[in-house]
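Okay, thanks for coming, everyone. I'd like to walk you through one structure today, so let me get it up on the screen.

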Amino acid sequence: KDAAKNDPARLEDQEYLNELNQTLEEKSSYLIVRKDKELIYIGEDASISLLTQLPSYGDTVKDEDAGTYIDGDEQVLIKQIDFQFQDGSDGSAFIVTILEETVPEVKKLLIDVLISILLILVLTATMLTIWMYTSMINPIKKLQTAAQNIKDGNLNFSVAAETDDEIGEVCVAFEEMRLKLKGQIERNIQYEKESKELISNISHDLKTPMTAIKGYIEGIMDGVADTEEKRNRYIRTIYNKVNDMNSLIEELFLYAKLDSNSVTYSFAKVNVDAYFQDCVEEISLDLESQGVDFGYFNYADRDTVIIADPEQLKRVVNNIIGNSVKYASPDRKLMISLRIMEEAEFVKIEIEDNGKGIARNEVPLIFDRCYRTDASRNSSKGGSGLGLSIAKKIIEEHGGKIWAVSTEGVGTTMCFVLRKYKENNVYE
């Protein structure tokens, strides 16, 4: 093309044409050059019959990359370039490719391509298999093993997510489910353990007064109480024991209702100063009869109001003070202080005693049901061990919080907070 366009005289140079033809022979082709109607150069492999079938000047196909197919003594593909010689003669250069000689090469090329494609497919399939096995099959097998462990009741394992894809998300969700199931089962076991302990405690605490009642009744029946004074003492003791049993049963019944969230609260606006003044008057009389020094200190504004159930709040105070009396130190006179302090959005109530105190490792446990710092069942303290647990549930239902600060041998301070009532915003 370059020679025909820029230097057509070269296409009359036999030496140049021979050199060009040698290059074409390596590709199963040869060269023919025509000037007007005379063939001025013919490659060595040219077929005589083909020379009469060459396309005329100007018969070139539109697509330069295409050619003219001729089926004669031999099958050939001709590519034609038309040009003008320097003397104005019409010139045509033909590159003739012998198809019979190129077909084996094409076949070999096709075979090579097919083999290459096959190898690529095998390699790709192998890599995909390895990828699927590592990224999908292995995690699925782990999930299958985990599911079997859960089926068998074993939750002490972990499902680690090794990837960030959908399979990894499934592993994360499965691990979260396992942890929740494990936590729920552990809570159920703990709940069952506490329930059994509660039943054991209640049975013991009911058996003690029942044994005493039975003994006093037998004493009356057998005539041991042979005087009016003795009989009255026996009857008063029986009455007190029955009251203790009744209190125990009522406490157990209340806890069962609190535990099942079936307690109906009667929330109302309560003036802190007025309410605790009334509450303290009643408590102080009872404590005074037991030889307990009681102090009341209100540092809150006299107009401060909270939203609370007066009856349930009183039960909380009574339970805390009852515990202070029950676990008083035997070597000193019991002193109890009730303090009320006001914060920005809360009212804080502190009930402090100088009792035996609680060991540091036991402080977080005292609000658990049935927990007693005195583990001995021969303790004369009595009670169900539910007092502080009931207090915690009531305070939490009020939207508050309760906690304890204690030093063994010094005393204990029980604290709880309740939200204040505000004219423009009611906290419940």
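I'll go through the cores, a long helix, the sheets and then some salt bridges.

Quick housekeeping before that. What you see is a predicted model, where local features need pLDDT of at least 70, side-chain atom pairs count only at pLDDT 80 or more, and totals for chains, interfaces and linings use all residues. Residues are numbered from 1 along each chain as its sequence is written, and side-chain values use heavy atoms, with hydrogens and water left out.

Let's start inside. When I say buried, I mean under 20% relative accessible area; exposed is over 50%, and partly exposed is in between, with a 1.4 Å probe and protein chains only. A nonpolar core is a set of buried Ala, Val, Leu, Ile, Met, Phe, Trp, Tyr and Cys residues joined through side-chain atoms within 4.5 Å. The largest one here has 48 residues, and F276, L313, V317, I340 and F416 have the most contacts inside it. Which helix gives the most to this core? That's α7, residues 272-289, with seven residues. Helices and strands, by the way, are DSSP runs numbered from the N terminus: H or I over at least four residues for helices, E over at least two for strands. There's another core apart from the largest, of 12 residues, including L17, L24, Y41 and A93.

Have a look at V272, which sits in helix α7. V272 counts as buried because its relative accessible area is 1%. Contact, for us, means heavy atoms within 4.5 Å. Setting aside neighbours within four places in sequence, V272 is in contact with T304, I306, I340 and V347. Its C-alpha is also 8.1 Å from that of A300, 28 residues apart along the chain.

Now the long helix, α6, residues 228-259. Why do we say its length agrees with expectation? The expected span is 1.5 Å times one less than the number of residues. For the 32 residues of α6 that should be 46 Å, and the end C-alpha atoms are 46 Å apart, so it agrees. The buried residues in α6 are Y234, T237, I238, M245, L248, L254, Y255 and L258. They pack against α5 (166-221), α8 (310-326) and α9 (387-397). After α6 comes N261, with a positive phi near 55 degrees.

On to strands. Two strands pair if DSSP finds at least two bridges between them. One open sheet has five strands in the order β2-β1-β5-β4-β3, with antiparallel pairing. The edges are β2 (38-42) and β3 (68-71), each with a single partner strand, so one side of each is left without a neighbour in the sheet. Four bridges join β3 to β4, residues 75-84, and one of the pairs to look for is Y69 with L77 in β4. Helix α2, residues 14-25, packs on this sheet, touching β1 (29-35), β2 and β5 (90-98), and its direction makes about 150 degrees with that of β1. For that angle, axes are lines fitted to C-alpha atoms, for helices over the stretch in contact, and angles run from 0 to 180 degrees between N-to-C directions.

Then there's β12, residues 411-419, where eight of the nine residues are buried. It pairs antiparallel with β10 (346-353) over eight bridges, and with β11 (401-407) over seven, also antiparallel. I351 stands opposite M414 in β12, while I402 stands opposite F416. And F416 is our core residue from before; among the residues F416 touches are L313, V317, V347, I395 and W403. The hairpin of β11 and β12 has three residues between the strands, and G409 in it takes a positive phi near 85 degrees.

Last topic: salt bridges, meaning a side-chain nitrogen of Lys or Arg within 4 Å of a carboxyl oxygen of Asp or Glu. How many are there? The count is 13. R231 and E228 form one, with the closest N and O atoms 2.9 Å apart, and both lie in α6, three residues apart, about one turn of the helix. K333 and D293 form another, at 3.2 Å. K333 is in the loop between α8 and β9 (335-342) and D293 is in β7 (293-298), so this pair ties together parts 40 residues apart in sequence. Then R339 pairs with E352 at 2.7 Å, linking β9 and β10. R339 counts as buried, at 16% relative accessibility, whereas E352 is partly exposed at 30%. Salt bridges that share partners join R339, K348, E350 and E352 into one network.
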